[in-house]
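Please go through this structure with a bench reader in mind. Cover its pockets, its nonpolar cores and one residue in detail.

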Amino acid sequence: MNTAQIQVRQLSKQHSSPFFAGIEAIQFDLNKGEIMAVIGESGSGKSTLLKCIYGLLSPDQGEVLFEGKRVKGPEEQLIPGHAKMKMVTQDFALNLYAKVYDNVASMLSNQDIQGKREKTLAMLETLRIIALKDKKVIHLSGGEQQRVAIARALVGGTEVLLLDEPFSQVDSMLKAQLRRDLKKLAREKGITLLLVSHDPADALSMADQVLILKEGKRIDSGTPRKVYEQPAATYTATLLAQANVLNATAARTLEIAVAENERIVIYPEWIGLEINPERGQWQVIEVDYKGSSEDLLIQHVNGLTLKATTFVVGSYKKNDLVQLNTGRYLTF
């Protein structure tokens with residue numbers, strides 16, 4: 001017997017408008033308290049998938065099951081969406097001229113006023129916005145509004161939270177904290193999270209499962225480590241880490257022998273470099289400082305360029321001649 005909280009079965013949805021991306025034969029299971037990240041470029045069908053799962057769109061084929069029961073489409077119920085799920089979109093759907101407290105509390109019944117207050121304050125505390133409770137939403141930053149929207153979605157006992165680009169308006173420092181807070185909610189409260197994003201860091205840092213979409217089709221899926229270290233397609237590697245993808249001719253420049261119809265993938269951090277002004281056949285073209293690391297663009301004398309990452313900051317400068325070695329690569 002399948003105990004998954006959410007089951008997506010051969011889900012397909014095509015739009016008549018060219019401005020909306022569809023999905024084709026998507027299938028996966030998601031257990032209670034798990035976090036799934038759906039990653040893909042713009043137009044890959046991420047938002048369409050989320051709306052089908054929530055019940056805002058009816059699929060052309062397939063179905064979504066919540067605890068074994070089919071999720072109804074918008075034409076089957078008065079208010080679209082599933083009662084035990086909530087979806088937070090990029091527009092947040094907040095009352096901009098109401099206070100933070102009132103935005104969150106409005107999701108609860110007035111039958112128990114004291115309980116309503118306690119639940120609201122507890123949720124504001126959990127999402128680290130208790131200090132903002134008396135501020136009007138219109139005066140908040142995008143990241144603060146994001147937290148209010150999430151608090152509003154969760155305060156009523158939501159079991160599944162669907163997030164559409166949840167970190168798009170959050171700066172890098174607050175983004176890391178929000179990721180940790182959401183992960184803690186999933187672990188401690190048993191809330192199932194399904195988020196869609198174009199940023200691979202969202203998936204690799206917090207998800208239990210990753211689903212890679214391209215043009216509405218599943219390209220890859222698995223744990224973050226599995227899809228990163230053992231990608232099923234070169235697209236996964238380039239999406240997650242801007243990996244170097246080389247054909248057989250380019251691979252021979254690295255003294256790697258592969259069949260003519262094969263390609264190799266090398267992540268930038270797998271490339272080792274050594275300065276050698278006399279024998280180096282690679283030249284450093286660009287150095288991008290990233291704080292704890294540097295991204296390098298290096299070019300071979302035959303014109304081949306590669307991306308490399310070094311964690312020894314300051315070791316290389318533009319025009320340095322270097323030797324390259326890589327003991328690790330993937331073959332496709």
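## Second largest pocket

Helix H1 (residues 46-54) is the top contributor to the lining of the second largest pocket, giving 4 residues. The model is predicted. The space in this second largest pocket comes to about 330 Å³. Its lining counts 19 residues, and the closest to the pocket centre are Ala 21, Gly 43, Lys 46, Ser 47 and Thr 48.

By class, the lining of the second largest pocket holds 9 polar, 6 nonpolar and 4 charged residues.

## Largest pocket

The largest pocket encloses about 470 Å³ of space. It is lined by 18 residues; closest to its centre are Ala 241, Gln 242, Lys 290, Asp 295 and Thr 309. Four elements each give two or more residues to this lining: helix H8 (234-241), strand E14 (282-289), strand E15 (294-300) and strand E16 (305-310).

How does the lining of the largest pocket divide into nonpolar, polar and charged residues? There are 9 nonpolar residues, 6 charged and 3 polar.

## Nonpolar cores

In soluble globular proteins, nonpolar side chains tend to be buried together. In this model, the largest nonpolar core has 74 residues. Leu 161, Leu 182 and Leu 273 have the most contacts inside it. Helix H4 (residues 142-154) gives the most to this core, with 6 residues.

Take Leu 182. Setting aside residues up to four places away in sequence, Leu 182 touches Ile 150, Leu 163, Phe 167, Leu 193 and Met 206. Another core lies apart from the largest one and has 25 residues. Its members include Met 36, Ile 53, Phe 66 and Leu 162.

## Gln 5

Gln 5 sits in the segment before strand E1 (6-13). Is Gln 5 buried or exposed? Gln 5 counts as buried because its relative accessibility is 3%, and the cut-off for buried is under 20%.

Which side chain makes a polar contact with the side chain of Gln 5? That partner is the side chain of Thr 192, at 2.4 Å. Thr 192 is also in the contact list of Gln 5, which leaves aside neighbours within four places in sequence. The list further holds Leu 30, Asn 31 and Lys 32, then Leu 65, Phe 66 and Glu 67, and also Glu 159 and Val 160. Among these contacts, Phe 66 is a member of the 25-residue core.

How values were computed. Residues numbered from 1 in each chain as written. Predicted model: local features only at pLDDT ≥ 70, side-chain atom pairs only at ≥ 80, totals over all residues. Heavy atoms only, no water. Buried < 20%, exposed > 50% of the residue type's maximum accessible area, 1.4 Å probe, protein only. Polar contact = N/O pair within 3.5 Å; in protein donor to acceptor, adjacent residues only side chain to side chain. Contact = heavy atoms within 4.5 Å. 1 Å grid on protein atoms, 1.4 Å probe; cavity = no way out; pocket = protein on both sides within 12 Å on 5 of 7 lines; lining within 4 Å. Points joined across faces, edges and corners; volume = space filled by probe spheres on them. Nonpolar A, V, L, I, M, F, W, Y, C, P; charged D, E, K, R; others polar. Core = buried A, V, L, I, M, F, W, Y, C linked by side-chain atoms within 4.5 Å.
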